[in-house]
Amino acid sequence: MARLLPRLSLLALFGAMLAAPLPATAQSKNLEWTSGSPGGAWFTQTTGVSTLVMEATPGVNIRIVPGGGKDNPSRIQAGLSQIGMGIDFLSAAALKGEEPYKQKHDKLRTLGSTGVDVYFMVYVPVEEKRSLAEILADPKLTIGVTSAATSEHLTLQRALEHYGNSFAKIRAGGGKVVISAYGELIQGFNDNQFSVLWTAGEIPSGLASQIVDGRRKVKFAAFPTELQNALTEKFGYSKGTIPAGTFPELQSSNISVSSMGNIYLVSSELPDDFVYAMTKAIIANKPRLANIYQAMGRYDPATAWKTQPVPLHPGAEKAFREAGFLK
């Protein structure tokens, strides 16, 4: 795998790729695509899209590995992964070296938007009467969330801090923070091991469907306005609404939450011809994207390239320009 090669060897491979036309470029080339938490939407999306890319670039092998919106930029910067799923505001922060990153990630490039917007979906028991503000301020809170690599984990930490709380205070106060993959979290939530499940998902959401089918009767918790404002003003999150009727079993009205946009990330060291072929394959297979993951059906190449929290890769620019979307 490319991640096991010394840096100079990796660069030499990329140099060889640049020097050859695409058929030769593709021979015996192993790449790594960092996705999300196992069992989550990103794993499904990257598996499907990588298949489309490999069909278009014979000889290229793309390996999907677990990751998360927070850690994926750093994996690409370090050369561990060459492709990744990204979050708009986190990718922009990584490029600039702003919190939670400690250095500038100057190797980050994008193919633009995946067409998927992600909404923070917080599940609580139907009998819960407290607001999310009251819940997050509780030092005896019991809550489940994905790993530290993910945007969900980071956002939960930021939300707790906004209300003067933290993982450490919860544990010291007799509460509990369960950190695991989605499958284990759903099972633990259904088994009443914790009272709040903190996630992020698309519309429609496969995760929401799994939770609705579970044994526990639950509902969405809306984000307080002051929390949304703080996340937007300090860190660049978007504000979204889960419209009434989207998940009838989980809501009886519009649910206002913080949200974020998904992008494709690639390394600046990936050759233009490969990224061109990759982008071209995604554009050409737009009708197939919804079959991979329903929310990806919103991908629109006419506007996808405009989402540039990090610079558009030259190979992607060529593909969008050639297809007539970028003038």
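Start by selecting Asn192, which sits in the loop between helix H9 (182-190) and strand E7. Helices here are DSSP runs of H or I with at least four residues, strands are runs of E with at least two, and both are numbered from the N terminus. Asn192 has phi near 65°, a positive value in a residue other than glycine. Is Asn192 buried or exposed? Its relative accessible area is 52%, so Asn192 counts as exposed; the cut-offs are under 20% for buried and over 50% for exposed, with partly exposed in between (1.4 Å probe, protein chains only).

Before you move on, note that this is a predicted model, in which local features need pLDDT of at least 70 and side-chain atom pairs count only at pLDDT 80 or more, while totals for chains, interfaces and linings use all residues. Residues are numbered from 1 along each chain as its sequence is written, and side-chain values use heavy atoms, leaving out hydrogens and water.

**Colour by confidence**

Colour the chain by pLDDT, the predictor's confidence in each residue from 0 to 100. The mean for the protein chain is 91, and 91% of its residues reach 70 or more. Now select residues 1-28: pLDDT stays under 50 there, and the model gives this stretch 45 contacts beyond four places in sequence. A contact means heavy atoms within 4.5 Å.

**Zoom out**

With the whole chain in view, you have 15 helices and ten strands. The radius of gyration is 20 Å, close to the 20 Å that the globule rule gives for 327 residues, so the chain is as compact as a globular protein of that length. That radius is taken over C-alpha atoms, and the rule is 2.2 Å times the number of residues to the power 0.38. Along its principal axes the C-alpha trace spans about 65 × 40 × 35 Å. Of the 327 residues, 55% count as buried. Among contacts between residues at least 6 apart in sequence, 76% join residues at least 24 apart.

**Select strand E5, residues 142-145**

Show the side chains of E5. Which way do its residues point? Thr142 and Gly144 point one way, Ile143 and Val145 the other, and all are buried. Add strand E6 (residues 176-179), which runs parallel to E5 and is joined to it by four bridges; two strands pair if DSSP finds at least two bridges between them. Val145 stands opposite Ile179 in E6. Next add E7 (residues 196-201), which pairs with E5 in the parallel sense over two bridges. Here Gly144 stands opposite Leu197.

**Follow the chain to helix H7**

Select residues 151-162. Twelve residues at 1.5 Å each should span 16 Å, and the end C-alpha atoms of H7 are 16 Å apart, which agrees. The expected span is 1.5 Å times one less than the number of residues. H7 is mostly covered, with nine of its twelve residues buried; among them are Glu152, His153 and Arg158. Just after H7, look for Gly164, which takes a positive phi of about 75°.

**Two cis peptide bonds**

Finish with two prolines. Where is Pro100? Pro100 lies in the loop between helix H5 (88-96) and strand E4 (108-125), and the peptide bond from Glu99 to Pro100 is cis, with omega near 15°. Then go to Pro204, in the loop between E7 and helix H10 (206-212). The peptide bond joining Ile203 and Pro204 is cis, with omega about 0°.
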